[in-house]
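Trainee: Hi, could you walk me through a new structure? I'd like to ask things as they come up.
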Amino acid sequence: MTKSKKRKTMGSIQRRLIPSYIFLIIWCLFSVFPLYWMVTAATNTTVEVARGKVWFGLHAAENLKNLMAAQPLWRAMGNSFLYAIFQTIFCLFVCSLAGFGFELYADKAKDRLFAFLLLAMMIPGVATMIPLFVLISRLKLLNSVWGFILPQVATPFMIMMFRQNSRNFPPAILEAARLDGQTEIGIFFRQYLPIMRSTYAAAAVVTFMNAWNAYLWPKVVMLDNRAENMPMLIANLSNGYKVDYGMLMMGVLFCSLPTMIVFFVLQKQFAEGITGSVK
Amino acid sequence: MKKKTVSVLLASAMAASMLMPVSAIAGETEASTEAPTANVAGEDEHTLSVYAWDANFNIPALKAAEADYQKNVDPDFKLNVITQSGSSDVENAVTLAANAGDYSTLPDIVLFQDHYFQQFHTNYPDAWKDLSGAKDVDWDDFGAEKLSFSTIDDVHYGAPVDNGTAVMAYRTDLLKEAGYSIDDMTGCTWDKFIEVGKAVQEKTGKYLLCMDGSGNDLPYMMLQAEGESQFTDGEPTFAENDKYVQIISKLVEMADEKILYLADSWTDYTDQAIMGDMVAGVMNGNWIIPTIEQVADNSGKWEITSLPTLEGGEGYASNGGSSLYITANCSKPDLATDFLAKTFLAGSVETYDAALQNGGVITCSLKAGASDVYQKGVAFFNDQPIYTKIVEMGSKVKPVEQSDYHYQARNYVGTAIQNLVEAQDSSEDSVKAALSDAEEQLKFEMEG
Amino acid sequence: MRHSSLKAKQDRAGWLFLLPATIMILIMSFWPMLQALITSFKKGPSTRMVWADPWYNNYARILKDKIFQTAMGNTFFYLIIQVPIMLVLAMLLAQILNNRQLKCRGLFRTMVFLPCATSLVSYALIFKSLFATQGLVNKVLMNLHIINENINWLGKAGTAKFVIILALIWRWTGYNMVFFLAGLQTIDYQVYEAAKIDGASSWKTFWSITVPLLRPVIVMTTIMSINGTLQLFDESVNLTNGGPANSTITMSHYIYNMSFGQGVGKFGYASAMSFVVLILVAILAAISMKAGDKRD
């Protein structure tokens, strides 16, 4: 009796959710379709792609072979991983340190500094590109991972995210650790870091994606082909008097997979970390 | 006290860790990214580095020259080709190096768009080395029009790679369906072209012409075929030039009548219009031929000829094309000059034959253009010997006044055309008004 | 005495934590910004620049520049049309996904977010192919007899703007949804239960409970979107190249064209335009922060 009633309410709840399901499914089709199309295109020939074939073809191996013959795929993948991982590590370290400092040692002066740093977000990247290039070039860091990451090591957005999340860090722990005789930096490494892991995960996802997808800046500082990253490789494939679309989409697929995998793996922590930043 | 010191030390060590070990770690972790700037230039005395773009076109030509020089001059010679995604990458590299006041980031040689060279030479004169050291070069062997881009005050800077001679290619089968032949089209007027275009659209549903709306190169070529320029004594003259007004009016009319397909981008132009079989005619620099050849089903159906003109008579023009230039950073100017002098500048048959066969790059050297490979008929073009024909047409292109603002002029005129097409208005007054608008905007840009 | 020295020590540590980030931002953002500001008062080729005459000449030029005005109009068009649509959709999706009775929430959430994982270069290529003249979208519409002739989507002003907005919505809705979802999860479920007992309709609950509680998130996503839209660049470059006839060009794209896109750059003028963008972003961000504060 109760069981059937429960089932009934369950059923009626699900029935009320039907519009939600319909909307969600339509939206998901919209958001996934272009990606599905990218995957199928990677298995078709260029003429089939240009004419809008939507089903899987048999040319995946051929496209991959052509891609590897035409472009140093693995080298670009390696570079992209190197840049993205280094940028993630350094950016997370520097920005979390600042977020920790801004929130847990907050005073008027620091708030003012924070507001000032936020200004850095508002200038179009194009405007600062030349002075930045000159700077990196003088430091002899062209074609190096450092030339890639230095401008992005400290971003106002990441500092803001860590600062917001640091509100969830219980001040009691700070006090207890101080009474314990731990140094301030010790507290950062031993207490703050482990407690804030989901924030780090969220920040890692965002930073990794941004670094992996960066195109304009690497195009400026990576003058040597040996230092090119995946978006640059794709751009090389797509510009020319003739373009092989199957091969190009295979490259796009390779370029998209790592960020998707990172997101899948860190999904849960990502959601938690973002939650912390909007509390 | 002790604790304080420790925390200060730790924190400052951390701050320092951000900046200091940067170079140290860089050396250890990644071989491929530690490349110092000097690596862009060639490593040893037999190696030259070069920036180039397009793996299917220019780069095979460079490889051909490398093989030629290896075989006939220096077996240890190596050409380190650094692929760029497009010509603008090379232009940006020069701009950035000039801004940094340090040309050491440039390679020994760059492939550079002809139309941009004068502008970059004017603004960054220190970035280039001239070719006065090149021995035994017969400059008269190259088309005067081509060399006009790379010669400044009678000093040669560029070694021509390709040839920008414009061709008008037609699908003879579709022309036939509409009741015409390619002979009807050779030397015809644009009015006749429009008449044929209407018939082709009606009978076959194809456009007779296409243009990349944002690249907008047809007006320039059509005007050059009339022997005129968009500029007079350095100033843009669009609306005052009656021929230009007529040309733009014809283009708008053709777009209106579905004779001209206005593509939204370069890829739309190549992949949809040409490879997607939407057109029965293509007019552009001959480097467009490899794109036409992509559609194997159409083999034997295409033929090429010269351009129509307003009054009738064969028109000759050129569009695009690039040359190799030695940069100020080149540490081996003798090797670089010798390499260019014995391959591209010598009109070397070995270089140009391989460049043609592997990349579809056509020479503008008359000598190289006389080789057997060039004389052969091309099956795709109904066994027409298109390559000699192109080299011959190239020698007939008249040099017209060039400007540093060539591409900007094209952009503004392109915008004018797009606006007129959107308004479906090809009347002389509207065209004139749109062109004076374009002219005004270009002048505004030029004064800034 | 001991207490105050301890406090001072902690205070110093606090500043030291900020030091690396502050130094990096000063060197990597503010130093170039300062240089750009100086450049904005100069003219001539970049290697031999001289002071503009009068010094504000580059800024005065902006007022006369028709293309910059077009670009500004386009950018604000995207801002006014795309940002509200995207934020409302993101909020709606978040609201739906926050329902605990919904099945497969994780799967749906992943699919909604997935577009943000694709790189800008890649997604521009994908959209360009889909909306090509003989591309898939036209093919489907033809087969459904909705159109009887292929549409040149990116070749006409109206449709090109539409494709850009669609692409932006595709790419960024999921991203914003994550922030809203996170915001919703901080709202105590009991608040809803209470509202339900009071007999409030779900629409009313949404407006009178959810939206006010989400205000900080709304302000944050709005500022992020305003900032992102006013600096919009990749879509304009990669999808339409600003065309046809500059009908889709954005301010950042035009600034780029002035400095890199077309031959030798006019860096003085480009820098001046950048500072106009900076001021616009700052003003709009300030307005949205104020608006967010007031609704208390």
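Mentor: Happy to. One term before we start: helices and strands here are DSSP runs, with at least four residues for a helix and at least two for a strand, numbered from the N terminus. Also keep in mind that this is a predicted model.

Trainee: Thanks. Then where is Tyr325(B) found?

Mentor: Tyr325(B) sits in strand β15 of chain B, which covers residues 322-327.

Trainee: And is Tyr325(B) buried or exposed?

Mentor: Tyr325(B) is buried, because it has 26 C-beta neighbours inside 10 Å, and the cut-off for buried is 20 or more.

Trainee: Which residues does Tyr325(B) touch?

Mentor: Leaving out residues up to four places away in sequence, Tyr325(B) touches Ile109(B), Val110(B), Phe112(B), Phe117(B), Trp128(B), Tyr157(B) and Gly158(B).

Trainee: How far apart are Tyr325(B) and Gly300(B)?

Mentor: In sequence they are 25 residues apart, and in space 38 Å, C-alpha to C-alpha.

Trainee: Let's zoom out. How many helices and strands are there in chain B?

Mentor: Chain B has 19 helices and 15 strands. Of its 448 residues, 56% are buried. If you take the contacts in chain B between residues at least 6 apart in sequence, 77% of them join residues at least 24 apart.

Trainee: Any helix pair in chain B I should look at?

Mentor: Try α11(B), residues 242-256, and α19(B), residues 428-447: their axes come within 9 Å and cross at roughly 110°. So α11(B) is roughly perpendicular to α19(B).

Trainee: Which residues make that contact of α11(B) and α19(B)?

Mentor: From α11(B) you have Tyr244(B), Val245(B), Ile248(B), Ser249(B) and Val252(B), and from α19(B) there are Glu428(B), Val431(B), Lys432(B) and Leu435(B). By class, that contact has six nonpolar, one polar and two charged residues. The crossing of α11(B) past α19(B) is right-handed.

Trainee: Switching topic: is there anything unusual in the backbone?

Mentor: A bit of background helps: most residues other than glycine have a negative phi, and most peptide bonds are trans. Now look at Asp154(B), whose phi is positive, near 65°. Asp154(B) lies in the loop between β5 (151-152) and β6 (155-156) of chain B.

Trainee: Is Asp154(B) buried or exposed?

Mentor: Exposed, because Asp154(B) has 5 other C-beta atoms within 10 Å. Asp233(B) is another residue to check, with a positive phi near 50°. You'll find Asp233(B) in the loop between β10 (231-232) and β11 (235-236) of chain B. Asp233(B) counts as exposed because 6 other C-beta atoms lie within 10 Å.

Trainee: And which residues does a cis peptide bond join in chain C?

Mentor: Asp53(C) and Pro54(C), with omega about -5°. Pro54(C) is in the loop between β2 (50-51) and α2 (57-64) of chain C.

Trainee: While we're on chain C, what is it made of?

Mentor: Chain C has 13 helices and two strands. Along the principal axes, its C-alpha atoms fill a box of roughly 85 × 70 × 30 Å. The radius of gyration of chain C is 24 Å, whereas a compact globule of 296 residues would have one near 19 Å. In chain C, 51% of the 296 residues count as buried.

Trainee: And what about chain A?

Mentor: Chain A has 15 helices and zero strands. Its C-alpha trace spans about 80 × 70 × 30 Å along the principal axes. For chain A the radius of gyration is 24 Å, against a value near 19 Å for a compact globule of 279 residues. Buried residues make up 56% of those 279 residues.

Trainee: How many residues of chain A are in contact with chain C?

Mentor: 70 residues of chain A are in contact with 70 residues of chain C. On the chain A side, helix α15(A), residues 245-278, gives the most, with 13 residues. That side of chain A has 55 nonpolar, eleven polar and four charged residues.

Trainee: Can you give me one helix pair across chains A and C?

Mentor: Sure: the axes of α14(A), residues 230-238, and α5(C), residues 120-130, come within 9 Å and cross at roughly 30°. Here Pro231(A), Ile234(A), Ala235(A) and Ser238(A) meet Val121(C), Ser122(C) and Leu125(C). The residues of this contact divide into five nonpolar, two polar and no charged.

Trainee: Great, thanks for the tour!

Technical notes: Residues numbered from 1 in each chain as written. Chains lettered and ligands numbered in written order. Predicted model: local features only at pLDDT ≥ 70, side-chain atom pairs only at ≥ 80, totals over all residues. Axes fitted to C-alpha atoms, helices over the stretch in contact; angles between N-to-C directions. Parallel < 35°, antiparallel > 145°, perpendicular 65-115°, else oblique. Left-handed = near helix turned anticlockwise from the far one by under 90°. Contact = placed C-beta atoms within 7 Å. Nonpolar A, V, L, I, M, F, W, Y, C, P; charged D, E, K, R; others polar. Rg over C-alpha atoms; globule rule 2.2 N^0.38 Å. Buried ≥ 20, exposed ≤ 12 C-beta atoms within 10 Å, placed from the backbone.
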